[in-house]
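Please walk me through this protein model, from one of its helices to the core and then to the loops.

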Amino acid sequence: MFILATTKYFLCRARKFFKKHPDLKEAFEKLVEDLRHDPFQPHLEYHRLSGKLVGVQAVSLTRSYRVTLTIIIKEKEIILLDIGTHDEVYRKK
């Protein structure tokens with residue numbers, strides 16, 4: 001079982017995201033539960049990012065929305081970093 005943590009930035013983004021998309025709260029709760037059990041489940045579409053986001057991974061919330069995260073295997077910890085559309089979460093930081 002993995003431990004989930006969030007950044008302040010993620011909490012701010014999530015608050016705004018769910019104001020616009022309250023219908024996705026249930027899907028997000030399921031995603032979080034699935035991440036806790038096994039972040040590498042095929043339906044999560046886990047993938048590593050490159051370029052300016054090297055070292056960060058992402059999973060799909062829906063076909064249009066992503067959650068970026070960092071997985072620390074050694075400590076079995078997942079840190080949620082961002083939530084939003086494909087373009088929003090993959091933008092150059």
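Helices and strands are taken here as DSSP runs, a helix being at least four residues and a strand at least two, and they are numbered from the N terminus. The model is a predicted one, and the values that follow are computed from it.

A convenient place to begin is α2, which spans residues 25–37. This helix has 13 residues and reaches 19 Å from its first C-alpha to its last, which is close to the 18 Å expected at 1.5 Å a residue. Its buried residues are Phe28, Leu31, Val32, Asp34 and Leu35. Viewed down the axis of α2, these buried residues fall within an arc of 165°, so they line one face of the helix. The spacing can be understood from general helix geometry: an α-helix has 3.6 residues a turn, so residues three or four places apart point the same way. On the face of α2 turned away from the buried side sit the exposed residues Glu26, Glu29 and Lys30.

What, then, covers the buried residues of α2? The covering elements include β1 (3–6), α1, β3 (57–60), β4 (65–72) and β5 (77–85).

From here the path leads into the largest nonpolar core, which has 20 residues, and in which Phe28, Leu61, Val67 and Ile83 touch the most other members. The elements that give two or more residues to this core are α1, α2, β4 and β5. Val67 can be followed in detail: leaving aside residues up to four places away in sequence, Val67 touches Phe10, Phe28, Leu31, Gln57, Ala58, Val59, Leu61, Leu80, Asp82 and Ile83. Of these contacts, Phe28 and Leu31 are also among the buried residues of α2.

The loops deserve a separate look. His21 lies in the loop between α1 (8–20) and α2, and because its relative accessibility is 18%, under the 20% cut-off, His21 counts as buried. The side chain of His21 is joined to that of Tyr65 by a polar contact of 3.5 Å.

Two other loop residues have a positive phi without being glycine. Glu45, placed in the loop between α2 and β2 (47–48), has a phi of about 55°, and because its relative accessibility is 48%, Glu45 counts as partly exposed. Lys76 lies in the loop between β4 and β5 and has a phi near 50°; at 36% relative accessibility, Lys76 likewise counts as partly exposed.

Methods: Residues are numbered from 1 along each chain as its sequence is written. This is a predicted model: local features need pLDDT of at least 70, side-chain atom pairs count only at pLDDT 80 or more; totals for chains, interfaces and linings use all residues. Side-chain values use heavy atoms; hydrogens and water are left out. Buried means under 20% relative accessible area, exposed over 50%, partly exposed in between (1.4 Å probe, protein chains only). A polar contact is a pair of N or O atoms within 3.5 Å; within protein, one must be able to donate a hydrogen and the other to accept it, and residues adjacent in sequence count only if both atoms are side-chain atoms. The expected span of a helix is 1.5 Å times one less than its number of residues. The arc is that of the directions from the helix axis to the C-beta atoms. Contact means heavy atoms within 4.5 Å. A nonpolar core is a set of buried Ala, Val, Leu, Ile, Met, Phe, Trp, Tyr and Cys residues joined through side-chain atoms within 4.5 Å.
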